[in-house]
Amino acid sequence: MQNNEIAALINRVAIGDRKAFAALYSATSPKLFSICLRILKDRADAEEALQEIYVRVWQRSRTFAVDTGSPLAWLAAIARNHAIDILRARKPVAEDLDDAYDLADDGILNPEQQVAMADEGRRIDNCMQELDSVHAGAVRRAYVEGLSYLELAEELKVPLNTVRTWLRRSLLKLRECMQR
């Protein structure tokens, strides 16, 4: 199925067309399932995630803008972000408490490392202040708080590609600042 046909289906879904939704599912579910399976590495989890993804597609189809990019890329981003969210929500569970106690605590820093980390943190804060406040906030939300690009775009009410551009340019500015 061509991109323009998928885009037309998404637009019909946006107005509540159930037949278009069924056609969209038939045309795109194999691709989205493979994305989920690759990330989650479990068939049952991928199948469950796929169902949740299409609920999101039904709910968010009105936010799709044909001129901002490929409809398949939009769907793939929803699938990828949802699968990653599932992975993030999983918490590692120790099989045995004794095993958990035997783990080495590599997180303890000596005083010299603590000073170096604090200095590095101050440098990063200073460089973040050189960014526009909206861009700095987007960097924090994406890379500290773990929001996906799509979630940021929805929160900031800007196109997805705008968020990508902001973050890419901001990271380049931060790298340049840190190298000074």
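Trainee: Among the contacts in this protein between residues at least 6 apart in sequence, what share joins residues at least 24 apart?

Mentor: In this predicted model, 61% of the contacts between residues at least 6 apart in sequence join residues at least 24 apart. The protein has nine helices and zero strands, and its elements run α-α-α-α-α-α-α-α-α from the N terminus on.

Trainee: What makes valine 139 count as buried?

Mentor: Its relative accessibility is 6%, and buried means under 20%, so valine 139 falls on the buried side of that cut-off. Of the 180 residues of the protein, 30% count as buried.

Trainee: Which residues is valine 139 in contact with, leaving aside its neighbours within four places in sequence?

Mentor: Valine 139, which lies in helix α7, is in contact with Met128, Leu131, Val144, Leu167, Ser170 and Leu174. For one of these, serine 170, the C-alpha atom is separated from that of valine 139 by 7.4 Å, with the two positions 31 residues apart along the chain counted as their separation. The contact itself is judged on heavy atoms within 4.5 Å, so the C-alpha separation is not the value to set against that cut-off.

Trainee: Why is the pair of glutamate 155 and arginine 141 called a salt bridge?

Mentor: The N to O distance between their side chains is 2.4 Å, and the definition asks for a side-chain nitrogen of Lys or Arg within 4 Å of a carboxyl oxygen of Asp or Glu, so the pair qualifies. The pair links distant parts of the chain, with glutamate 155 in helix α8 and arginine 141 in helix α7 (residues 133-143), 14 residues apart. Glutamate 155 is partly exposed at a relative accessible area of 39%, and arginine 141 is partly exposed at 25%.

Trainee: How do you know that glutamate 154 and arginine 60 meet in a salt bridge?

Mentor: Here the N to O distance is 3.6 Å, and the limit is 4 Å, so this pair also meets the definition. Glutamate 154 sits in helix α8 (residues 149-156) and arginine 60 in helix α3 (residues 43-60), with their positions 94 residues apart in sequence. With a relative accessible area of 32%, glutamate 154 is partly exposed, as is arginine 60 with 22%; partly exposed covers the values between 20% and 50%.

Trainee: What makes aspartate 85 and arginine 88 a salt bridge, and where do the two residues lie?

Mentor: Their closest N and O atoms are 3.8 Å apart, which is within the 4 Å limit, so the pair counts. Both residues belong to helix α4 (residues 71-89), where they are three residues apart, about one turn of the helix. The structure holds six salt bridges, including these.

Trainee: Which residues form the positive surface patch?

Mentor: The patch is formed by Lys31, Arg38, Lys41, Arg80 and Arg164, where Lys and Arg count as positive. One of them, arginine 164, lies in helix α9 (residues 160-179). A patch residue needs over 30% relative accessible area, and arginine 164 has 36%, so it passes that cut-off while still being called partly exposed.

Trainee: Why is lysine 41 called exposed?

Mentor: Exposed means over 50%, and lysine 41, placed in the loop between α2 and α3, reaches 69% relative accessibility, so the label follows.

Trainee: What is notable about phi of lysine 41?

Mentor: Phi of lysine 41 is near 60°, a positive value in a residue other than glycine. Most residues other than glycine have a negative phi. Lysine 157 also has phi near 60° and lies in the loop between α8 and α9; its relative accessible area of 72% is over 50%, so lysine 157 is exposed as well.

Trainee: How do you know whether glycine 16 is exposed, partly exposed or buried?

Mentor: Glycine 16 has 35% relative accessibility, a value between the 20% and 50% cut-offs, so it counts as partly exposed. Glycine 16 is found in the loop between α1 (3-14) and α2 (18-40). Its C-alpha is 9.6 Å from that of glutamine 59, and the two residues are 43 residues apart in sequence.

Terms used: Residues are numbered from 1 along each chain as its sequence is written. This is a predicted model: local features need pLDDT of at least 70, side-chain atom pairs count only at pLDDT 80 or more; totals for chains, interfaces and linings use all residues. Side-chain values use heavy atoms; hydrogens and water are left out. Helices (H or I, at least four residues) and strands (E, at least two) are DSSP runs, numbered from the N terminus. Buried means under 20% relative accessible area, exposed over 50%, partly exposed in between (1.4 Å probe, protein chains only). Patches are made of residues with over 30% relative accessible area and no salt bridge: like charges are joined within 9 Å, nonpolar side chains (Val, Leu, Ile, Met, Phe, Trp, Tyr) within 5 Å. Accessible areas come from the Shrake-Rupley method with a 1.4 Å probe; for residues, only the protein chains shown count as cover. The place of a charge is taken as NZ of Lys, CZ of Arg, CG of Asp or CD of Glu.
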